[in-house]
Every structure is written in C-alpha cells, then in structure tokens.
Amino acid sequence: MPKITVARVSDLAPGEARLVQAGGRAIALFRRDEGWYAIDNACPHRGGSLADGDVEGFVVTCPLHASQFDIRTGALISPPAQSPVRAYRVAVTGDDVQIDL
Ligand code: FES
C-alpha cells in the first residue's frame, strides 16, 4: 500500500498530536521525543477523537470516557472500549511525515 504524506516535520512539536486524513481514514498522528506514531482516530467505544486525548508516555486516553490505548501498537490498555485500534507505520522522509497504509 502507498505511503501518504500527512504532515511536515515542523507541523508538530514533540508531545503534540493532530488528526490527519489518509486514504479515506481519519488517523491520529502523534509526535513524541521517541518518534512518530499513528493509530485510527475513532475510539471503538463511541467514536471519541483520540487525537484530542491526553498522552502520557505511549498511552493515549480517550477524551470521552477514558479508554486507553498504546499509540505504538493500538493495543487496548483499559476499557470501556473492548477492542484495540489499528496502528500504522510512520516514516519521515526529509520534511515529509508519511503514513504507510
Ligand atoms: S468514546 Fe472513547 S472511551 Fe468512550
């Protein structure tokens, strides 16, 4: 599948996140000191926007009812959500931040 450029490196400072669109999907893109991470934006519980969640370490907390997911893998860490979210590989090429669909 193609790599899609969704942001510039300079668009996000470490610790920031934003909602991006790639291949018709809404994806939460996170920049951490350790690198870039991307997961499906919609929380599987009731659709909360994970790009708007607080992030501590590699754990994002859904802003609606506080489900938690690992931004590296999409794994569910705590309910009320009952399933994980999809995670995507992120590549940085020059100033382009690309999501590998
Ligand atoms: S919508 Fe995310 S925990 Fe409810």
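The following exchange goes through the strands, sheets and core of a predicted model.

Biologist: On what footing are residues and features reported here?
Modeller: Residues are numbered from 1 along each chain as its sequence is written. Because this is a predicted model, local features need pLDDT of at least 70 and side-chain atom pairs count only at pLDDT 80 or more, while totals for chains, interfaces and linings use all residues.

Biologist: How many helices and strands does the secondary structure come to?
Modeller: Elements are DSSP runs numbered from the N terminus, with helices (H or I) of at least four residues and strands (E) of at least two. From the N terminus on, the elements run β-β-β-β-β-β-β-β-β-β, and the count is zero helices and 10 strands.

Biologist: Which strands stand at the edges of the sheet of six strands, and why is one side of each left without a neighbour?
Modeller: Strands pair if DSSP finds at least two bridges between them, and on that basis six strands form an open antiparallel sheet in the order S1-S10-S9-S4-S3-S2. Each edge strand has a single partner strand, so one side is left without a neighbour in the sheet, and these edges are S1 (3–8) and S2 (17–22).

Biologist: Which residue in S10 stands opposite Thr93?
Modeller: Strand S9 (residues 87–93) and strand S10 (residues 96–100) pair in the antiparallel sense over five bridges. The residue in S10 that stands opposite Thr93 is Asp96.

Biologist: In the sheet of four strands, which residue in S8 stands opposite Phe69?
Modeller: This open sheet has the order S5-S6-S7-S8 with antiparallel pairing, and its edges are S5 (54–56) and S8 (76–78). Two bridges join S7 (residues 68–70) to S8, and opposite Phe69 in S8 stands Leu76.

Biologist: Which elements give two or more residues to the largest nonpolar core?
Modeller: A nonpolar core is a set of buried Ala, Val, Leu, Ile, Met, Phe, Trp, Tyr and Cys residues joined through C-beta atoms within 7 Å, where buried means that 20 or more other C-beta atoms, placed from the backbone, lie within 10 Å of a residue's own. The largest has 24 residues, and Leu29 is among those with the most contacts inside it. The elements that give two or more residues to this core are S2, S3 (25–32), S4 (35–40), S9 and S10.

Biologist: What is the radius of gyration of the protein?
Modeller: Taken over C-alpha atoms, the radius is set against a globule rule of 2.2 Å times the number of residues to the power 0.38. With 101 residues, a compact globule would have a radius near 13 Å, and the protein agrees with this at 13 Å.

Conventions:
A residue is buried if 20 or more other C-beta atoms lie within 10 Å of its own, exposed if 12 or fewer, and partly exposed in between; C-beta atoms are placed from the backbone.
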